[in-house]
Amino acid sequence: MNAALPEVFHLADAITIRGITKNYDEGATSTLALDGVDLSVRRGEVTLLMGPSGSGKTTLLSIMGCILRPTCGQVLLGGRDVTALREADLPAVRLRHIGFVFQGFNLFPTLTASENVELTLGLKGVKGHQAKDEARRLFTLVGIAEKYDAFPADISGGQKQRVAIARAVAGSPEVILADEPTAALDSHTGKTIVEMMAALAHDEDRAVVIVTHDNRLIEYADRIVRLEDGRIACDA
Amino acid sequence: MPPLARRNLFHDRIRLAVTLTGIAFSVVLMVVQWGLFEGFSSSTTGIIDHSHADLWIAAKNTTYLEQAIPFNERKYYQVLATPGVGHAIKYIVRWSYWKEPNGHTETIAVVGCDPDSFMGGPYNLVAGDAQQLKQPNAIIIDRMYANKLDAHAIGDMVEVNGFRAKVVGFTDGIRAFTTSPYVFTTFKRALDFTVIDDDQTNFILVKAAPGVDIGQLKAELQRRLPDNVVFKTAEFSASTRHYWMFTTGAGIAVLMAAALGLIVGIAVVAQTIYATTMDHIREYGTLKAMGAPNRYVLGVIMQQAAIAAVLGYAIGMAVSVFVVHGASKGGANILLSWQTAIGLFFLTLGMCASAAVVSVKKILSLDPATVFKS
């Protein structure tokens, strides 16, 4: 595990970003996706990132998730500067501290639901019976224990997103980053999923950041950050 | 850990069938094309390679088996008198004519040998033996050419260059590179069959005495026979093969076909594995986003390629054995040696790994934003 970060961090500010700018260069053209963004994401809170398409939400989420490097600025994860880390060190940081939930679920279709979770646990060093037991516990937590051995193709969209949530929280990362987690779901299922994510923030003291266009999620948010043209237009 | 590579490969049976078919097809293509080349190549030198001689002596400027012109047999006695020579025989390989009972004529290559010598005689005998050549008018032919020569059984009578000849044995698998089959007989009878004077020969085959350095013996014989050329057997084989493979259009055509077979095979395997890997690019992107180390992603992709390579190779090789067997019954000479089989295994493995590496490069340079798109 990376030496630059503690195994588990306890700061209230899970992620702090300072003066983040991101340019996408393509030939002679340069597109400014983020322009001097400052933001702190706290544990125990659900933070919604909202804004029109092209406002920089997904870029910001990618930078917070250490998937994308900013053009300039700092990203602090648990108080440590991850922008100073080598590229090769970042996967270990993501694996240990961040769980991802994707709009399209991104489950491995060739693995069963439980194996999807076991794979993540395996990457984190939890293997064998221990991994199976932990996967079973997480499936019970997200309410789909009966789908343990099902393949993703054989379960509904809502159940897939629950598997994705179980996978995201496997190994207890402090931060959950979700990109439009309800976009592919009906309103009832979407509501259940967001309630579940809110519970992860409030009951398990995680920082949950959700990128969404869905105004119905606002009632579950502790904080709403609205982006426009790569800048924070509103933080409430 | 769940076996992601194996599952990726076996989960979609149709995709798996397409992948394995692609690899197996490539293996069969490479076996057939390379086997034709090897068969073609080896048939030019079969007589030399099976001669059990250490040295071949021919007329000066001879570069290949069928080119040799007769020279005086006095040289034979000079050879016998050379220290270090253990055993030597006069030998003939020369074109002649075969007349079937129905009057049809075929061109043949007469091989005149000494039935009592272990050098240069008929090999792979399936009926009769070399000693039978001591019978009057005796000849031995390969059963592959029985129909062509219209001689199907021991005792069949034919005519060679106007002389009566009786079939006393059959070999198996002694192919002629040209369309003219080899016909074994005694040296003395071969003189008649090929119209060579009684005091001439067109080769001398030499076996060195035990413990004698063949290189030194060759040099000594060359010194004593300045009007002849002395080859080690391997050198004469290489020289003959080189002549037929590289100075005639036929050899180059087969070589190009073999090269083309390899290139097409490589392209098919590469494309197949690349497509199989790219089918799962979204999952690899997800793995990377989740924080799986590159070595894990690389391991999954390589494992997937290796399993596909081994299975595709096994299927392809099984089909190839049938193809080679069937082709030999049909008269085609496709050689599948164990060296070729092993070489193709590693080539297939290497091709699959290389194709996977190309897709890995693409995966490792994935735009991270792609994992956040539905």
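Select Glu115(A) and Arg7(B) and show their side chains: the two meet in a salt bridge, with 2.5 Å from N to O. The count between chain A and chain B is one salt bridge. Bear in mind while looking that this is a predicted model.

Next, display polar contacts across the interface. Between chain A and chain B there are eight residue pairs in polar contact, both partners at pLDDT 80 or more.

Now colour three helices of chain A: helix 1 (57-64), helix 2 (90-97) and helix 3 (113-123). Each of these supplies at least two residues of the side of chain A that touches chain B. Which helix gives the most to that side? Helix 3 of chain A does, with six residues.

Keep the side of chain A that touches chain B selected and colour by residue class. You should find 15 nonpolar, nine polar and six charged residues there.

Widen the selection to both partners. On chain A, 30 residues are in contact with chain B, which answers with 22 residues of its own. Then pick Phe108(A), Thr110(A) and Leu123(A): together they supply 24% of the area that chain A buries against chain B, more than any other three residues. The area buried between the two chains is about 2500 Å². Carbon and sulfur atoms give 70% of that area.

Finally, colour by confidence. Chain B averages a pLDDT of 87, and 97% of the residues in chain B score at least 70. For the complex, the predictor gives an ipTM of 0.88 and a pTM of 0.74.

Technical notes
Residues numbered from 1 in each chain as written. Chains lettered and ligands numbered in written order. Heavy atoms only, no water. pLDDT = per-residue confidence, 0-100. Contact = heavy atoms within 4.5 Å. Buried area = accessible area lost by both parts, 1.4 Å probe. Salt bridge = Lys/Arg side-chain N within 4 Å of Asp/Glu carboxyl O. Polar contact = N/O pair within 3.5 Å; in protein donor to acceptor, adjacent residues only side chain to side chain. Helix = DSSP H or I, 4+ residues; strand = E, 2+ residues; numbered from the N terminus. Nonpolar A, V, L, I, M, F, W, Y, C, P; charged D, E, K, R; others polar.
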